[in-house]
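Visitor: I am new to this structure and would be grateful for a close look at a single part of it. Please show the structure before the discussion begins.

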Amino acid sequence: MPHLHLESFHPIALPATQGDVAFDFIATSRGEGKESLIATRFRDREFFVLHKKSGEKHLLKSDKITRPSPNFLIKQALLAYASHANLVILDSNVDTAGENVHLKTHDALKSVDFFADHFPTGREVRVEVGFGSARHLLHQAAQNPDVLFIGLEIHKPSIEQALKQITIQNLTNIMVLDYDARLFLELIPSNTLSRIYVHFPVPWDKKPHRRVIGDVFVEEALRTLAVQGRLELRTDSENYYRFALETYSHPNYARFEVRKNQEIAIVSKYEDRWKRMEKNIYDVTLINDFESPQKVLEGAFVFSEVP
Ligand SMILES: C[S@@+](CC[C@H](N)C(=O)[O-])C[C@H]1O[C@@H](n2cnc3c(N)ncnc32)[C@H](O)[C@@H]1O
């Protein structure tokens, strides 16, 4: 995670700009171990830069929740703040190299507005939820050049890795979105997708409500899948497997297929690990048999100021 260690820290008069980076306000926590969040804007992205005391030093880094992708954005913001406030940098892992060309020229990375405004039509569309190392996403896109793949991920380093590989492999049929898959399905017109892949989702054994698969997700998946479209769950987790069977057995849901230890063409990092440990791998595939009515969407999908 990009950060700067500073000799000292002080707030600047706000609002302020340094180059293309704008700082709007600072919110500081009360009491011991004070932390400050600096509201920052850079290239249409809004995020927080976090300041906290770390031993004798002061740490300036990105805030985990709002951290933008690519890393270049946060690096520029950290350097801009330090420069504007005339802060002495003791050490850092922020290079001053220019922007990563893979990301700069990348138009595979889309915003949620893009999909809300013009959901791609006219060709087969498949969605992969939580693509992680993106091995499966890249493989599928290379094998099926006529199909459009939308990859959803919330882990920014995985997104950066995927974008680099998309460039290196010259793939033009992948769109990548940094967004929670459970919310994204709501934006998709009904009867649109041919497949939704959910491979090795986080099991969340102690907090099952955080699982990607749940009643609302399954309802939205069935609405957005075309007739004969498939929601493909692949997991090594016995609990997740049983949970999916239970969820799919709801009387209104469609038919499903179950397979154990089925070989597939491409093996992800997680699958590699589970196979070495000789764990069972389960595929539970839900198949949609019905046409769904169109959904009427209201409201915006980005955070904005409350009037
Ligand atoms: C265990 S990893 C599996 C990655 C990959 N599918 C594989 O098979 O190697 C789960 C991935 O899902 C992502 N993820 C978790 N919840 C998500 C959500 N609600 N929306 C999109 N991605 C999510 C995580 O960031 C993580 O990269």
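How many residues of domain 1 are in contact with residues of domain 2, and how many of domain 2 take part?

Guide: The model is a predicted one. Five residues of domain 1 are in contact with six residues of domain 2. The division behind this answer places residues 3-92 in domain 1 and residues 103-287 in domain 2. Taken over C-alpha atoms, the centres of domain 1 and domain 2 are separated by 34 Å. The size of an interface is often given as the accessible area lost when the parts come together. Between domain 1 and domain 2 the buried area is about 520 Å², and carbon and sulfur atoms give 54% of that area. On the side of domain 1, Arg67, Ser69 and Pro70 lose the most area to domain 2, together accounting for 74% of what that side buries. Zero salt bridges are found across the interface of domain 1 and domain 2.

With the interface described, each side may be considered in turn.

Several loop residues fall within the range of domain 1 (3-92). Proline 15 is found in the loop between strand E1 (3-6) and strand E2 (16-18), and a cis peptide bond, with omega of about 0°, joins leucine 14 to proline 15. Further along, the loop between strand E4 (35-42) and E5 holds arginine 43, and aspartate 44 lies in the loop between E4 and E5 as well. Arginine 43 is not a glycine, yet its phi is positive, at about 50°. Aspartate 44 also shows a positive phi in a residue other than glycine, with a value near 65°. Arginine 43 is partly exposed, with a relative accessible area of 44%, whereas aspartate 44 counts as exposed at 83%. Glutamate 56 has its place in the loop between strand E5 (45-54) and strand E6 (57-62). Glutamate 56 is exposed, its relative accessible area being 72%. From C-alpha to C-alpha, glutamate 56 is 9.4 Å from leucine 6 in space, although their positions lie 50 residues apart in sequence.

Attention now passes to the range of domain 2 (103-287), beginning with its aromatic side chains. The whole structure holds 10 aromatic pairs. The rings of phenylalanine 114 and phenylalanine 115 have centres 5.1 Å apart and planes at 90°, so this pair is edge-to-face. Phenylalanine 115 also pairs with phenylalanine 184: the ring centres are 5.2 Å apart and the planes stand at 85°, so this pair too is edge-to-face. Phenylalanine 115 lies in helix H3 (residues 112-117) and phenylalanine 184 in helix H6 (residues 181-184), so the pair ties together parts that are 69 residues apart in sequence. Phenylalanine 115 counts as buried at 0% relative accessibility, and phenylalanine 184 is buried with a relative accessible area of 0%. Phenylalanine 114, by contrast, is partly exposed at 25%. Ring pairs link Phe114, Phe115, Phe119 and Phe184 into a cluster.

Helix H4 (residues 135-143) has His136, Leu137, Leu138, Gln140 and Ala141 as buried residues. The buried residues of H4 pack against helix H5 (156-168) and against the strands E9 (125-129), E10 (148-153), E11 (174-178) and E12 (193-199).

Charged side chains complete the picture. Side chains of opposite charge can pair when their charged atoms come close. The structure holds 21 salt bridges. In one of them, the side chains of lysine 156 and aspartate 178 meet at 3.2 Å, N to O. This pair links distant parts of the chain, with lysine 156 in helix H5 and aspartate 178 in strand E11, 22 residues apart. Lysine 156 counts as buried at 13% relative accessibility, while aspartate 178 counts as partly exposed at 22%.

Another salt bridge joins the side chains of arginine 234 and glutamate 271 at 2.6 Å, N to O. Here strand E13 (residues 225-235) supplies arginine 234 and helix H9 (residues 269-276) supplies glutamate 271, and the two residues are 37 residues apart. Both arginine 234 and glutamate 271 are buried. Glutamate 271 forms a salt bridge with lysine 275 as well, with the closest N and O atoms 3.4 Å apart. Glutamate 271 and lysine 275 lie in helix H9, four residues apart, about one turn of the helix. Lysine 275 is partly exposed, with a relative accessible area of 30%.

Technical notes. Residues are numbered from 1 along each chain as its sequence is written. This is a predicted model: local features need pLDDT of at least 70, side-chain atom pairs count only at pLDDT 80 or more; totals for chains, interfaces and linings use all residues. Side-chain values use heavy atoms; hydrogens and water are left out. Buried means under 20% relative accessible area, exposed over 50%, partly exposed in between (1.4 Å probe, protein chains only). Contact means heavy atoms within 4.5 Å. Rings of Phe, Tyr and Trp (its six-membered ring) pair if their centres lie within 6.5 Å; planes under 30 degrees apart count as stacked, over 60 as edge-to-face and the rest as tilted. Domain bounds come from an automatic or database domain assignment. Buried area is the accessible area (1.4 Å probe) that two parts lose on being put together, summed over both. A salt bridge is a side-chain nitrogen of Lys or Arg within 4 Å of a carboxyl oxygen of Asp or Glu.
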